[in-house]
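Welcome, and please open the model in your viewer. We will go from stop to stop, with something to select at each one.

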Amino acid sequence: MVATAAVNNKIDPQVLLNTRLFPDMLPLATQLQIANDIAQSGAARLAGAPVPVCEAKQRSLEEWIAVTRGTVNYLESLPPAQFAGAEDRTITWPSRSSVKS
């Protein structure tokens, strides 16, 4: 849908991926990477599942759409029972300089 709209309006999809809505915002492609990572890793940690890895690399608009669909599929694959008691779990994750919880 987005890719079709870009083509119909003669907009290079790469231009969309490099667009910033405001000067201090990250480009759309970077925001997509962050959103997919946070959705997958957050849900995995809460569900006690292995955290999937989404390789940080340059992708086309069609590839980003596929990655995001994959994220939705991953989230839908986690059974609700895996989240039981998540509100009482301490979740840890690595940051660049330490482990957070």
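## Rings and charges

Start with the aromatic rings: the count of aromatic pairs comes to 0. Keep in mind during the tour that this is a predicted model.

Rings can have other partners, though. Select Arg-59 and Trp-64: the charged end of Arg-59 sits over the ring of Trp-64, 4.8 Å from the ring's centre.

## The whole chain

Now zoom out and switch to a cartoon view. You should find 4 helices and 2 strands in the protein chain. Followed from the N terminus, the elements run α-α-α-α-β-β. The radius of gyration is 16 Å, well over the 13 Å that the globule rule gives for 101 residues, so the protein chain is more spread out than a compact globule. Turn the model around and look at its outline: along the principal axes, the C-alpha trace spans about 50 × 30 × 20 Å.

Colour by accessibility next, if your viewer can do that. Of the 101 residues in the protein chain, 23% are buried. As for contacts between residues at least 6 apart in sequence, 55% of them join residues at least 24 apart.

## The loop between α1 and α2

Select α1 (2-8) and α2 (13-17), then look at the loop between them, where Ile-11 lies. Lys-10 has its place in this loop between α1 and α2 too.

Is Lys-10 buried or exposed? Lys-10 counts as exposed because its relative accessibility is 77%. Its backbone deserves a glance as well: phi of Lys-10 is near 55°, a positive value in a residue other than glycine.

Move on to Ile-11, which counts as partly exposed at 34% relative accessibility. Show its surroundings and leave aside the neighbours within four places in sequence: Ile-11 is in contact with Ala-6 and Leu-16.

## Two glutamines in α3

Next, select helix α3, which covers residues 28-47. Gln-33 has its place in this helix, and Gln-40 lies in α3 as well.

Take Gln-33 to begin with. Its relative accessible area is 11%, and Gln-33 is therefore buried, the cut-off being under 20%. Which residues does Gln-33 touch, not counting those up to four places away in sequence? They are Cys-54, Glu-55, Ala-56, Lys-57, Arg-59 and Trp-64. Arg-59 and Trp-64 in that list are the pair from the opening stop, with the charged end over the ring.

Gln-40 is buried too, with a relative accessible area of 9%. Not counting residues up to four places away in sequence, Gln-40 touches Pro-52, Thr-71 and Tyr-74.

## The loop between α3 and α4

Carry on along the chain to the loop between α3 and α4, where Val-51 has its place. With 37% relative accessibility, Val-51 counts as partly exposed. Beyond residues up to four places away in sequence, Val-51 touches Ser-41, Ala-44 and Arg-45. Try the distance tool here: Val-51 and Trp-93 are 42 residues apart in sequence, and their C-alpha atoms are 10.0 Å apart in space.

Further on, select Lys-57, which is in the loop between α3 (28-47) and α4 (61-77). Lys-57 counts as partly exposed at 42% relative accessibility. Not counting residues up to four places away in sequence, Lys-57 touches Gln-33 and Trp-64. The distance tool is useful again: the C-alpha atoms of Lys-57 and Thr-30 are separated by 9.5 Å, with their positions 27 residues apart along the chain.

## Looking down α4

For the last stop, select α4. This helix has 17 residues and reaches 24 Å from its first C-alpha to its last, close to the 24 Å expected at 1.5 Å a residue.

Which residues of α4 are buried? Highlight Leu-61, Trp-64, Val-67, Thr-71 and Tyr-74. Now turn the view to look along the axis: these residues cover an arc of only 135° around it, which puts them on the same side of α4. On the other side of α4, Arg-69 and Glu-76 are exposed.

Before you leave, show Gln-40 again alongside α4: its contacts include Thr-71 and Tyr-74, and both of those belong to the buried residues of α4.

Terms used:
Residues are numbered from 1 along each chain as its sequence is written. This is a predicted model: local features need pLDDT of at least 70, side-chain atom pairs count only at pLDDT 80 or more; totals for chains, interfaces and linings use all residues. Side-chain values use heavy atoms; hydrogens and water are left out. Buried means under 20% relative accessible area, exposed over 50%, partly exposed in between (1.4 Å probe, protein chains only). Contact means heavy atoms within 4.5 Å. Rings of Phe, Tyr and Trp (its six-membered ring) pair if their centres lie within 6.5 Å; planes under 30 degrees apart count as stacked, over 60 as edge-to-face and the rest as tilted. A charge sits over a ring if NZ of Lys or CZ of Arg is within 6 Å of the ring centre and within 35 degrees of the ring normal. The expected span of a helix is 1.5 Å times one less than its number of residues. The arc is that of the directions from the helix axis to the C-beta atoms. The radius of gyration is taken over C-alpha atoms; the globule rule is 2.2 Å times the number of residues to the power 0.38.
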